[in-house]
Structures are given as C-alpha cells and as structure tokens.
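Me: I should like a close look at a single part of this structure, namely one helix and the elements around it. Please set the account out as one connected description.

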Amino acid sequence: DQHSAQTVAALNAGKSVLVEKPLGLNRSEIEAVQTSRTGATGFLQIGFNRRFAPLSIAAKQKLASLEGPRFMTFRVNAGAVPTGSWLHNIEEGGGRIIGEMCHFIDLARYFAGCNITSVMADAPLSETGACDDVTATLRFADGSLATIAYTALGDRSYPKEMIEIFAGGAVIAINNFRTLTSTAGGKSAKQNRSQDKGFSAALAAFTAAVRKGGPAPIDEKELVESSMATLAVLEALQSGNRVELPLT
C-alpha cells in the first residue's frame, strides 16, 4: 500500500509524520511502520482526531474521578456509501471497518485508558458483500468493556454519533459531538457547543510537537494498538471467535 510505504519512507528519513488513518491495511504494513521507528528521530501521529475533540477531553476529565471499569457504547449511524466506492476497495480503502470504524476503537481506547486485551465481532447478512454493519466488543485490561455498533442502514438526517459511558454510578454521554451530558446523584448537567470532532486540535498538537522536537502528542504504542485492534475486528468476523491482543 502506497500510504504505509510513504509513512515508512518519511520515518526512515528522520521526519515526523502525521499519517491519515488507517495506518495500514494489514498486519505486515503496520509492522513495517513499527520497524521503521527503530532508531528514527521523528515521531508518528495517526489521524485519530476524535480524542482531540473538546467534548472528548471534557468527558475524559470527568471519568478521571470515577473509579472502577467503564461500560461504553458507541452507536454510529454512518450512512450508506455506493457499492463501487473506493472505501469498499480492500486494496485502496480497506473497507469501512479499517477506514472508519477505527476512529471509535481508538476513542474507546482513549476513554478506557488501558490496553485492549481482546476483540469480538459480528455482522448481519450483507446483500452487497460490503461489511458496513458491524458490532464489535472490546475488552480492556482493567475489565472495562466497549461495544461499537456501526451501521450504514439508517437515515443520514439522524444524528451520526452517540457515545454513552457508564462508570462509578455516573453516566457521561456525547451526542454527535455537540452535547455532553453528565448524570450522577439524580442530577444532570449539560454542555452544548458547535460540532467539533477535533480535526484542528489534532493538527495543532502535531505541529506544536514538531516545533518542540517531540515527544509525540500521543503514545505511538497506543495508536498502533488501536490499529491492530481494528484488524482484529476483521479477524473476529472471519473466524467467529474472540481474538486476543496483542496480535501475534
């Protein structure tokens, strides 16, 4: 894949790289990027922008005071994409699991704050052959659980992304990156803002880190883990079994 090959070349040249997701379309491409990191002077950042969204950061701050594992749900009303789209091309876009669902796998990793240990997945029967409707369950090292329901069967006029996190007797919800609601002790507080999915903040964090000479805004191992967990969703769909991480 030209995408990952360019990333490897840039890292080998000592450059810091902001690479659009996905990092790679398969294990060998991701592993090639990891190998190129050995002795490299630059750093790597993947375009997982949602962890930079203001409401994601606010939710993370609220979670910091809550003890115990998190039970998280991510519902994504992604909308249909024409069958012939490049997104469905395994050699080009990698399919929507690798190309888009990866955002929510990484966001779940961000909220959990610990390693993903296993992945399970299932999908309904597809009439087109494209895997656009998927439920994936991620288990984390601290016992937290995240379920990501990604579908193209809905109406695009309905809000696209809904996140609910249950932890420590509280509920934190993000509605389409416009509203953050936190509920605890029988009371709810709501924060409204214009939609911001973190694109500008992710770029600003990268450029600031480049100017300072590092370190990377996000631990690279965490981003690679999110990428490998995305591949694990595909493996779980193909095998029908739970896939343990790290992938070997």
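Me: Which helix has an axis that comes within 9 Å of the axis of helix α3, and at roughly what angle do the two cross? Please take that helix as the centre of the description, and follow its surroundings into the core, the salt bridges and the sheet.

Reply: The helix in question is α4, residues 95-112, in what is a predicted model. Its axis and that of helix α3 (residues 54-63) come within 9 Å and cross at roughly 35°. On the α3 side, the residues that take part are S56, I57, A59, K60 and L63, and they meet L107, Y110 and F111 of α4. By class, this contact has six nonpolar residues, one polar residue and one charged residue.

One of these contact residues, F111, leads from the helix pair into the interior. The largest nonpolar core has 66 residues, and F74, F111, L138, F140 and V233 are those that touch the most other members. The element that gives the most to this core is α4, with eleven residues. In general, nonpolar side chains of soluble globular proteins tend to be buried together.

V233 shows how the core brings several elements into contact. Residues up to four places away in sequence aside, V233 touches I97, M101, I105, V119, A121, V134 and A136. V233 itself falls within helix α6 (residues 220-239), whereas V134 and A136 belong to strand β5.

The surroundings of α4 also include charged residues. D106 lies in this helix and is buried, with a relative accessible area of 1%. Apart from neighbours within four places in sequence, D106 is in contact with F48, R51, L223 and S226. D106 is also part of a network of salt bridges that links R51, D106, R109, E222 and E225.

Two pairs within this network share E222. In the pair of E222 and R51, the closest N and O atoms are 2.9 Å apart. This pair links distant parts of the chain, since E222 is in helix α6 and R51 in the loop between β2 (44-46) and α3, 171 residues apart. E222 counts as buried at 16% relative accessibility, and R51 counts as buried at 6%. In the other pair, R109 forms a salt bridge with E222, with 3.8 Å between the closest N and O atoms. R109 lies in helix α4 and E222 in helix α6, so this bridge ties together parts that are 113 residues apart in sequence. Both R109 and E222 are buried.

Helix α6 has a further salt bridge, which joins the side chains of E235 and R27 at 2.9 Å, N to O. Here R27 is in helix α2 (residues 27-36) and E235 in α6, and 208 residues separate them. R27 counts as partly exposed at 24% relative accessibility, and E235 likewise counts as partly exposed at 25%. The count of salt bridges comes to eleven.

The description now passes to the sheet. The sheet is open, with nine strands in the order β10-β9-β8-β7-β3-β6-β5-β4-β11 and mixed pairing. At its edges stand β10 (187-192) and β11 (243-244); each has a single partner strand, so one side of each is left without a neighbour in the sheet. Strand β4 (residues 116-122) is joined to β11 by two bridges, and the two strands run antiparallel. V119, one of the residues that V233 touches, has V243 in β11 as its bridge partner.

β4 also pairs with β5 in the antiparallel sense, over six bridges, and I116 stands opposite F140 in β5. Strand β5 (residues 134-140) has alternating side chains: V134, A136, L138 and F140 point to one face and are buried. T135, T137 and R139 point to the other face and are not buried. Of the buried set, L138 and F140 are among the core residues that touch the most other members, and V134 and A136 are touched by V233.

Beyond β5 in the sheet comes strand β6 (residues 145-151), which pairs with β5 in the antiparallel sense over six bridges. R139, on the face of β5 that is not buried, has L145 in β6 as its bridge partner. The hairpin of β5 and β6 has four residues between the strands, and G143 takes a positive phi near 95° there.

How values were computed
Residues are numbered from 1 along each chain as its sequence is written. This is a predicted model: local features need pLDDT of at least 70, side-chain atom pairs count only at pLDDT 80 or more; totals for chains, interfaces and linings use all residues. Side-chain values use heavy atoms; hydrogens and water are left out. Two strands pair if DSSP finds at least two bridges between them. Axes are lines fitted to C-alpha atoms, for helices over the stretch in contact, and angles run from 0 to 180 degrees between N-to-C directions. Contact means heavy atoms within 4.5 Å. Ala, Val, Leu, Ile, Met, Phe, Trp, Tyr, Cys and Pro count as nonpolar, Asp, Glu, Lys and Arg as charged, and the others, Gly among them, as polar. A nonpolar core is a set of buried Ala, Val, Leu, Ile, Met, Phe, Trp, Tyr and Cys residues joined through side-chain atoms within 4.5 Å. Buried means under 20% relative accessible area, exposed over 50%, partly exposed in between (1.4 Å probe, protein chains only). A salt bridge is a side-chain nitrogen of Lys or Arg within 4 Å of a carboxyl oxygen of Asp or Glu.
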